[in-house]
Amino acid sequence: TNKKLIKFCFAGNLTTSKGMQDLLKASEILFRENKKFELNIAGKYLPNENDYIPLTYFKKIQESSYINFHGLIDHSEMNNFYVNSDVFILPSHGEGLPKSALEAASNGLPLILTDVDGCNDCIDSNGYLVPAKNSFELAKKMGKFITNPEIIESMSYKSLAMIKEKF
């Protein structure tokens, strides 16, 4: 079996509306199930600002053994961030057209996005849609990549194809 550590990534502000708590809860579920994975988070955190996650959640991120917090990454470095990951996750509660998801897809990453306007335009057969605010479904879909890492390659091609076709 392929014991490759699956690396998930998230890029965006660490806010409730971007689904950060949902992602942290989903990750915790997988961690408790002894799933092996890594979660890389890039983005801005402003404590006590409107919509940003509570400090307790941010401390969890910093103390976690399976989460790497990269802070705000310069735009020129973002491609590197995506290239070093396997699957992009944006559990947003609502988006216009998520630029980060399109950038991740153009780097050949499969996507796990929420079934909300904008996000669902980015999923063809290149990933999974999950209901917003549902960390259990999110954990399930993340688990699919962990248990079947071979699906990453075909979904990766489909992400590139979707970008070429639609954008």
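Lys141 counts as buried, at 15% relative accessibility. That is a handy place to start in this predicted model, since Lys141 has a charged partner. The side chains of Lys141 and Glu137 meet in a salt bridge, with N and O 3.7 Å apart. Both residues sit in helix H5 (residues 135-147), 4 residues apart, so about one helical turn separates them. Glu137, for its part, is partly exposed, with a relative accessible area of 21%. The cut-off for buried is under 20%, which puts Lys141 at 15% in the buried class and Glu137 at 21% in the partly exposed one.

Salt bridges also build a network elsewhere: Glu28, Arg32 and Lys60 are joined into one through shared partners. Within this network, Lys60 pairs with Glu28, and the closest N and O atoms are 3.9 Å apart. Lys60 belongs to helix H2 (residues 55-63) and Glu28 to helix H1 (residues 20-32), so their salt bridge ties together parts that are 32 residues apart in sequence. Neither end is classed as buried: Lys60 is partly exposed at 45% relative accessibility, and Glu28 is partly exposed at 25%.

Over the whole structure, the search turns up 7 salt bridges. One of them joins Asp86 and Lys4, with 2.9 Å between the closest N and O atoms. This pair links distant parts of the chain, 82 residues apart: Asp86 is in the loop between H3 and strand S4 (87-90), while Lys4 is in the segment before strand S1 (6-11). The two ends fall into separate accessibility classes, as Asp86 is buried, with a relative accessible area of 10%, whereas Lys4 counts as partly exposed at 41%. As a general point, side chains of opposite charge can pair when their charged atoms come close.

Next comes the largest pocket, which has a volume of about 310 Å³. Its lining is made up of 18 residues, and those nearest the centre are Ala11, Gly12, Met78, Ser100 and Glu103. Two helices, H3 (78-83) and H4 (99-106), each supply at least two residues of the lining. The largest share, 3 residues, comes from H4. By residue type, the lining of the largest pocket splits into 8 nonpolar, 5 polar and 5 charged residues.

Asn126 is worth a look of its own. This residue lies in the loop between strand S5 (111-114) and strand S6 (127-130), and it is buried, with a relative accessible area of 0%. The Asn126 side chain has polar contacts with the backbone at two other residues. One of its polar atoms lies 3.1 Å from the backbone oxygen of Cys122, and the side chain also reaches the backbone nitrogen of Asp124, at 2.5 Å. Leaving aside residues up to four places away in sequence, Asn126 touches Pro110, Leu111, Met155, Lys158, Ser159 and Met162.

Lys36 is a loop residue too, placed between H1 and strand S2 (37-42). In contrast to the buried Asn126, Lys36 is exposed, with a relative accessible area of 59%. Even so, Lys36 has contacts beyond its sequence neighbours: with residues up to four places away not counted, it touches Leu5, Ile6 and Ile146. The C-alpha atoms of Lys36 and Asn148 are separated by 12 Å, with these positions 112 residues apart along the chain.

Finally, the backbone has a couple of spots to note. Most residues other than glycine have a negative phi. Asn48, however, has a positive phi, near 60°. This residue is in the loop between S2 and H2 and counts as exposed, at 79% relative accessibility. Lys133 likewise has a positive phi near 60°. Lys133 lies in the loop between S6 and H5, and is exposed as well, with a relative accessible area of 61%.

How values were computed. Residues numbered from 1 in each chain as written. Predicted model: local features only at pLDDT ≥ 70, side-chain atom pairs only at ≥ 80, totals over all residues. Heavy atoms only, no water. 1 Å grid on protein atoms, 1.4 Å probe; cavity = no way out; pocket = protein on both sides within 12 Å on 5 of 7 lines; lining within 4 Å. Points joined across faces, edges and corners; volume = space filled by probe spheres on them. Nonpolar A, V, L, I, M, F, W, Y, C, P; charged D, E, K, R; others polar. Salt bridge = Lys/Arg side-chain N within 4 Å of Asp/Glu carboxyl O. Buried < 20%, exposed > 50% of the residue type's maximum accessible area, 1.4 Å probe, protein only. Polar contact = N/O pair within 3.5 Å; in protein donor to acceptor, adjacent residues only side chain to side chain. Contact = heavy atoms within 4.5 Å.
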